[in-house]
Amino acid sequence: MHKKLALGALALAAASLIAANAYAKTYTVKELNSGAGGTFVFEPDFLHIQPGDSVEFVPSDAGHDSQSYLVPDGAQGWKSEISKPITVKLTKDGVYLYECSPHHMFGMLGVIVVGKAVNEEAAEKAAKAMDAKLIMNKDRLDKLMDRVK
Ligand SMILES: [Cu+2]
C-alpha cells in the first residue's frame, strides 16, 4: 500500500519534470551584417521569454559574437567566441542586455526579458551607458527598451 503510494508520487514527479522540459523553449538569434532591422544587427534583437528557456546565438555572418552587458542579480553572464555559436539558458527573471563586442559602437545590441522585468531601473541605466558609445543605429536600443515591461 505505502509502496504503491510512493511509486505513484514518483510517477507524478517524473511526469511534471517531463512537462516542465516540454514547455522550455529554445529561441534562435542570428548575428547578421545586415537584416530587416538594418546593419550590424541581432535578429530578433528583442525577445520576451520564460525562465528556463534558452537562447542560441548563431553567427550567420562571420565576425560577430554575443556577450552579456547586464544581467539580473544572481544570473550568469555569457560571452561567445567570435564567429562561434553559444546557447545560454536563462533561469532568472529580469532584463538582459547584450552586445556584439566588436560592433557595439555600430548599435549591434539586443535585449531579452525573462519573465518579469524586475531590474528595469538598472537596465535603463545600463542602456544609457551603452547608448553613449554609439556612432551608428543610435536609436535602436532606445526602441528596444521601450518594449520592456
Ligand atoms: Cu557584430
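Leaving aside its neighbours within four places in sequence, which residues is Ile-112 in contact with? They are Leu-47, Ile-49, Val-55, Leu-90 and Tyr-96, where a contact is a pair of residues whose C-beta atoms, placed from the backbone, lie within 7 Å.

This is a predicted model, in which local features need pLDDT of at least 70 and side-chain atom pairs count only at pLDDT 80 or more, while totals for chains, interfaces and linings use all residues. Residues are numbered from 1 along each chain as its sequence is written.

**Overall make-up**

The protein has 3 helices and 8 strands, taken as DSSP runs (H or I, at least four residues, for helices; E, at least two, for strands) and numbered from the N terminus. Along the sequence they follow the pattern α-β-β-β-β-β-β-β-β-α-α. Of the 149 residues, 28% are buried. A residue counts as buried if 20 or more other C-beta atoms lie within 10 Å of its own, as exposed if 12 or fewer do, and as partly exposed in between; the C-beta atoms are placed from the backbone. Among contacts with a separation of 6 or more, 65% are between residues 24 or more positions apart.

**Sheets**

Two strands are paired if DSSP finds at least two bridges between them. One open sheet holds 4 strands in the order E2-E1-E4-E6, with mixed pairing. Strand E2 (38-43) and strand E6 (86-89) stand at its edges with a single partner strand each, so one side of each has no neighbour in the sheet. Neighbouring strands here are turned by 15° against each other on average, direction ignored; axes are lines fitted to C-alpha atoms, for helices over the stretch in contact, and angles run from 0 to 180 degrees between N-to-C directions. Strand E4 (residues 54-58) runs antiparallel to E6 and is joined to it by 4 bridges. Ser-54 has Lys-89 in E6 as its bridge partner.

Another open sheet of 4 strands has the order E3-E8-E7-E5, and its pairing is also mixed. Strand E3 (46-49) and strand E5 (67-70) are the edge strands, each pairing on one side only. From one strand to the next the twist averages 30°. E3 and strand E8 (residues 109-114) run parallel and are joined by 4 bridges; His-48 stands opposite Val-113 in E8. Helix H2 (residues 120-131) lies across E5, strand E7 (94-99) and E8, at about 15° to E7.

**Core**

The largest nonpolar core has 27 residues. Such a core is a set of buried Ala, Val, Leu, Ile, Met, Phe, Trp, Tyr and Cys residues joined through C-beta atoms within 7 Å. Tyr-96, Leu-97, Val-111 and Ile-112 have the most contacts inside it. Two or more residues come from each of strand E1 (26-35), E2, E4, E7, E8, H2 and helix H3 (140-146), and E8 gives the most, with 5 residues.

**Backbone exceptions**

Most residues other than glycine have a negative phi, and most peptide bonds are trans. Glu-43 and Pro-44 are joined by a cis peptide bond with omega about -5°; Pro-44 is found in the loop between E2 and E3. Two residues other than glycine with positive phi are listed below.

| Residue | Phi | Location | C-beta neighbours inside 10 Å |
|---|---|---|---|
| Phe-40 | about 45° | strand E2 | 25 (buried) |
| Ser-83 | near 65° | loop between E5 and E6 | 12 (exposed) |

How values were computed
Contact = placed C-beta atoms within 7 Å.
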